[in-house]
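Q: Please take a close look at one strand of this predicted model and at what surrounds it. I would like its pairing, its burial and the pockets described in one connected account.

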Amino acid sequence: MTPLDETISAIRPADRNAMARAREHQDRLTKPRGALGALEDVAVRLAGVAGVCPPPMPAPAALAIFAADHGVHAQGVSPWPQEVTTQMVANFLAGGAVANAFAASAGASVTVVDVGVAADLPAAPGLRARKVAYGTADLSLGPAMTAGQAAAALAVGVETARELIEDGARCLITGDMGIANTTASAALICAYTGREAAEVTGRGTGIDDVTHQHKIDVVRRALEVNRLREADGFAPERRDDALRALASVGGLEHAAIAGFILAAAAARVPVILDGVIAGSAALAAVALAPAAAAYCVAGHRSAEPGHAATLDHLGLRPLVDLELRLGEGTGGLLAHPLVSAAVRVMHEVATFDSAGVTDKER
């Protein structure tokens with residue numbers, strides 16, 4: 001079996017018995033039933049992930065930032081030069097990015113994975129050299145990756161998740177870096193959800209109206225060239241088509257994040273998704289293994305319009321909505337303390353019986 005086959009075969013549905021016990025436990029705690037809103041749902045979800053109630057604390061947490069470049073950058077979809085990807089990798093490794101600051105606040109480790117940066121990077125502590133290719137091809141002219149490259153990038157994500165879990169991580173957080181990767185994300189969202197390009201293509205790192213319309217046109221062209229519409233006979237619920245979509249319009253970091261999510265699910269470890277890049281990668285992971293959706297927590301809803309469509313398709317409720325559009329894993333890192341607090345309630349808050357507090361009459 002390939003690493004992907006082995007990983008997918010190990011994924012089991014969330015434990016419904018553990019979730020039922022968690023819901024019952026929530027109702028016995030010294031608070032009005034449902035008073036913690038979405039946090040109660042998070043605790044119940046994590047009980048299903050772990051298969052026990054109360055679920056284990058999701059700590060320590062580990063952020064993996066997958067970095068790669070995109071051939072579609074040549075179409076002028078981003079005002080930022082491609083070398084910024086390389087420069088930001090150096091910034092992550094030096095500890096100078098927003099993701100580093102947020103990771104320190106959350107007590108999360110930071111690992112940077114070069115899965116497809118279009119330059120040779122010097123060895124450095126915290127950097128994992130797993131380059132599959134020097135960026136992707138231009139998705140608006142044909143497939144961004146070969147099937148072999150997509151499979152190799154998926155395997156990088158699987159390997160990274162397994163290693164972080166073996167090193168003690170009990171919660172994984174997705175991160176990304178790649179100039180022009182919101183264009184690839186929009187194309188993936190269209191392919192997996194059937195939405196129109198104008199509906200899900202956002203402004204990324206900041207583009208004017210003319211460039212935004214051009215970006216929408218590039219996404220449409222990518223879907224047409226790669227035949228990723230229902231009219232073409234494309235059906236993302238078929239595994240071969242799901243993989244073809246990922247290879248055709250995804251990035252190397254998208255494929256790696258999809259593998260990262262699948263490996264977390266196989267190990268029954270929760271994964272907190274960041275923004276639109278992670279969300280579009282999650283669409284690929286869930287198309288390959290529908291049960292993987294139960295292992296994901298939506299850290300936040302980004303300002304990118306495609307992210308809301310993605311979360312709706314995945315059935316996930318974001319914990320934070322601060323109009324973020326940075327990436328790097330920042331939204332997932334901000335949400336981690338909330339996820340931890342939701343689980344801590346299950347461990348530390350007294351029940352009505354144990355505290356001698358009178359419950360309301362039913």
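A: Leu172 of strand S4 has Val271 as its bridge partner in S5. The two strands, S4 and S5 (residues 271-273), are paired in the parallel sense over two bridges. S4 also pairs with strand S1 (residues 61-68), again in parallel, and here seven bridges join the two. One of the pairs in that set is Ala61 with Cys171 of S4. All of this refers to a predicted model.

Burial comes next. Seven of the seven residues of S4 are buried, so the strand is largely enclosed by the rest of the structure. In a regular strand the side chains alternate between the two faces of the sheet. Both faces of S4 are covered: one side carries Cys171, Ile173, Gly175 and Met177, the other Leu172, Thr174 and Asp176, and every one of these is buried.

Thr174 gives a more detailed view of the strand. This residue lies in S4 and has a relative accessible area of 0%; it counts as buried because the cut-off is under 20%. A polar atom of the Thr174 side chain lies 3.0 Å from the backbone nitrogen of Asp274. Apart from neighbours within four places in sequence, Thr174 is in contact with Leu63, Ala64, Ile257, Phe260, Ile261, Val271, Ile272, Leu273, Asp274, Ala278 and Gly329. Val271 in this list is also the bridge partner of Leu172.

After the strand, the chain passes through the loop between S4 and H7, where Ala180 is found. Phi of Ala180 is near 85 degrees, a positive value in a residue other than glycine. Its relative accessibility is 8%, and Ala180 therefore counts as buried. Arg227 likewise has a positive phi, about 55 degrees, although it is not a glycine. Arg227 sits in the loop between helix H9 (209-225) and helix H10 (239-249) and is partly exposed, with a relative accessible area of 48%.

The loop between H3 and S1 contains Pro54 and also Pro60. The peptide bond joining Cys53 and Pro54 is cis, with omega about -5 degrees. The bond from Ala59 to Pro60 is cis as well, with omega near 0 degrees.

S4 also takes part in a pocket. The largest pocket holds about 450 Å³ of space. Of the 33 residues that line this pocket, the closest to its centre are Asn181, Thr205, Arg325, Leu326 and Gly327. Strand S4 (171-177) is among the elements that give two or more residues to the lining, together with helix H4 (83-94), helix H7 (181-193) and helix H12 (276-288). The lining divides into 14 nonpolar, twelve polar and seven charged residues.

The second largest pocket has a volume of about 190 Å³. Its lining includes Pro13, Ala14, Arg16, Met19, Asp41 and Arg45, and also Ala291, Ala293, Ala294, Leu314, Gly315 and Leu316. Helix H2 (16-28) and helix H3 (38-50) each supply at least two residues of this lining. By class, the residues lining the second largest pocket are eight nonpolar, one polar and three charged.

How values were computed: Residues numbered from 1 in each chain as written. Predicted model: local features only at pLDDT ≥ 70, side-chain atom pairs only at ≥ 80, totals over all residues. Heavy atoms only, no water. 1 Å grid on protein atoms, 1.4 Å probe; cavity = no way out; pocket = protein on both sides within 12 Å on 5 of 7 lines; lining within 4 Å. Points joined across faces, edges and corners; volume = space filled by probe spheres on them. Helix = DSSP H or I, 4+ residues; strand = E, 2+ residues; numbered from the N terminus. Nonpolar A, V, L, I, M, F, W, Y, C, P; charged D, E, K, R; others polar. Buried < 20%, exposed > 50% of the residue type's maximum accessible area, 1.4 Å probe, protein only. Polar contact = N/O pair within 3.5 Å; in protein donor to acceptor, adjacent residues only side chain to side chain. Contact = heavy atoms within 4.5 Å. Pairing = 2+ DSSP bridges.
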